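This report describes selected local features of one structure, moving from a helix and its surroundings to a hairpin and the cysteines. Please read it alongside the sequence and coordinates shown here.

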Amino acid sequence: MSEIDTPEHLLDFIRQKTGADHVETLEYRSLAGGAVQENHGLHVRMTGGSLPGEHRFVVRSDAPVALSVSLSRAHEFEILRAACEVGVSAPQPRWLNADKSAAGPAFYIMDWAEGTANARALVKDDALTASQRQQLMHDLGSNLARLHAIQYTPGRLPFLAAPGPDPAQTQIEACRQLLNRFEEPHPAIELGLQYLADHRPAQQDLVLCHSDFRTGNYLVAEGRLTAILDWEFASWSDPYEDLGWMCARCWRFGRPDREAGGVGSKEDLFAGYESVSGHKIDPGRLAYWELMAIVRWAVLALEQSYRHRSGQQESLELALTGRMVPEIQQDLILQLRELTGIAKDTPTPVDPGTATGTPATGPQPLDPYRDQPDAGALLKVARALLLAELLPALPQDQHYNALMIANALGIAIREQATGDMAAAAQHAAIQAFYQAQGGGQPDAGIGRLVQDIRDGRYTAAGTPGLLNMLDTLVNLKLSLSNPRRVPSAQSAKAAS
């Protein structure tokens, strides 16, 4: 790309900071990812000044609408600098422009780090050798322990919210506040919050946490860790917040067998952490914070979806994040089963048609007032054309967008065909649950269920059939959003 493709105010800023006589752009491009913030790769050649020659940087700037818990770029810059000072593998921050002006949003520039952060690529069997996985987990653990050596003292990193005495309670209240804002009934999330509130662990020293420490937020090159990225959620908290986030089921990217981010083992991660911190990992405390991670991610996914639905930032990626919530709830229920020791004892029905007696698939009578093919048929053929003809012809950097479109079309096709029946099946499952609890509740719906969980009437460990019923609700939603995550009756029976 030529210099004209780079915002002139950015080149002026670099000239000012380095004293360069001339800054020539060799490349300036948007980087993949960045659902929360925007990142651009910048390759320049400078003449004169303090950094003559060619250099690669990353320019990180504000997205149009930030998440409520996201730090500003100025504060993220300071966090990055603090992490680098204690030896954490992170991109070296160079320069900060905190002035939000007509020239553009606030931004900072950091050194480029080589490698891939693509989680779907890193979890593949051939991405890393066994020894590379072991070393990578050890390095991640040791880096996290170095970060956690930064302990909270009043006045340190003063822009971070002063922590309360109980980080778990702080997280619970933050999730509750966001969930109330969306006014959507999510009984599985409510049950997770209830369990977290009732089982808060003993207090521990407060440390600087990354608060989004997971696969996808670190770079790997030739099997080695090169940098930990995306520090916008950093906070003072319990060190197990980061450990739980990294090990949570929702961040294993389809590899539940590799419990540390879908890439390696918990044992190797903990060995690295313990080698620097000197503290042994408490499995019970970790399991609690894994549940906290799942609940928090579910609520953040709802917030990202809300950014799109509210018109603040129209984005297909944000919209689809909202349809990932059933997958996260499935992980939440599995974690509750692990914590409570309650196994799934019956197959979970997943056919939306079973509640109404109407088959979920098959020919349907034609509507004489509508032209044919109908909406579902048009969407289906459009999706097939996209995948078969357009996707192979698109540049590689556009495949992700094309696959997002195909995913959205698939959801729309299934919802158009069986969405009403899935909703009716959910209502029927809730009605059956209330009847099993001691009598019919004619007005019992999902809103009533949420309120009863909030009021403590039903609990994960104390209410027979509650987790099974929530499994049914979640699997019915998954039948629309991601059918591959729906267990078959055979697999459900085998797990019982």
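## The end of helix α11

Helix α11 is followed by G341, a residue whose phi is positive, near 75°. The model is a predicted one, and the angles and distances given below are computed from it.

## Length and burial of α11

Helix α11 comprises the 16 residues 325–340, and because a rise of 1.5 Å a residue gives an expected span of 22 Å, the 22 Å between its end C-alpha atoms agrees with that expectation.

The helix is mostly covered, since 12 of its 16 residues are buried. Among them are the hydrophobic residues V325, I328, L332, I333 and L336, but the buried set also includes E327, D331 and R337, together with Q329, Q330 and Q335. What covers these buried residues includes α6 (187–198), α9 (283–309), α10 (316–322) and α15 (466–481).

## The β7–β8 hairpin

Strand β7 (residues 218–221) runs antiparallel to strand β8 (residues 224–228), and the two are joined by 4 bridges. One of the pairings can be named: Y218 has I228, in β8, as its bridge partner. Between the two strands of this hairpin lie 2 residues, and E222 takes a positive phi near 50°.

## Cysteines

The structure holds 0 disulfides. With a relative accessible area of 17%, C84 counts as buried because this value is under 20%. C209 is likewise buried, its relative accessibility being 0%.

Notes:
Residues numbered from 1 in each chain as written. Predicted model: local features only at pLDDT ≥ 70, side-chain atom pairs only at ≥ 80, totals over all residues. Heavy atoms only, no water. Pairing = 2+ DSSP bridges. Disulfide = S-S within 2.5 Å. Buried < 20%, exposed > 50% of the residue type's maximum accessible area, 1.4 Å probe, protein only. Expected span 1.5 Å × (residues − 1). Contact = heavy atoms within 4.5 Å.
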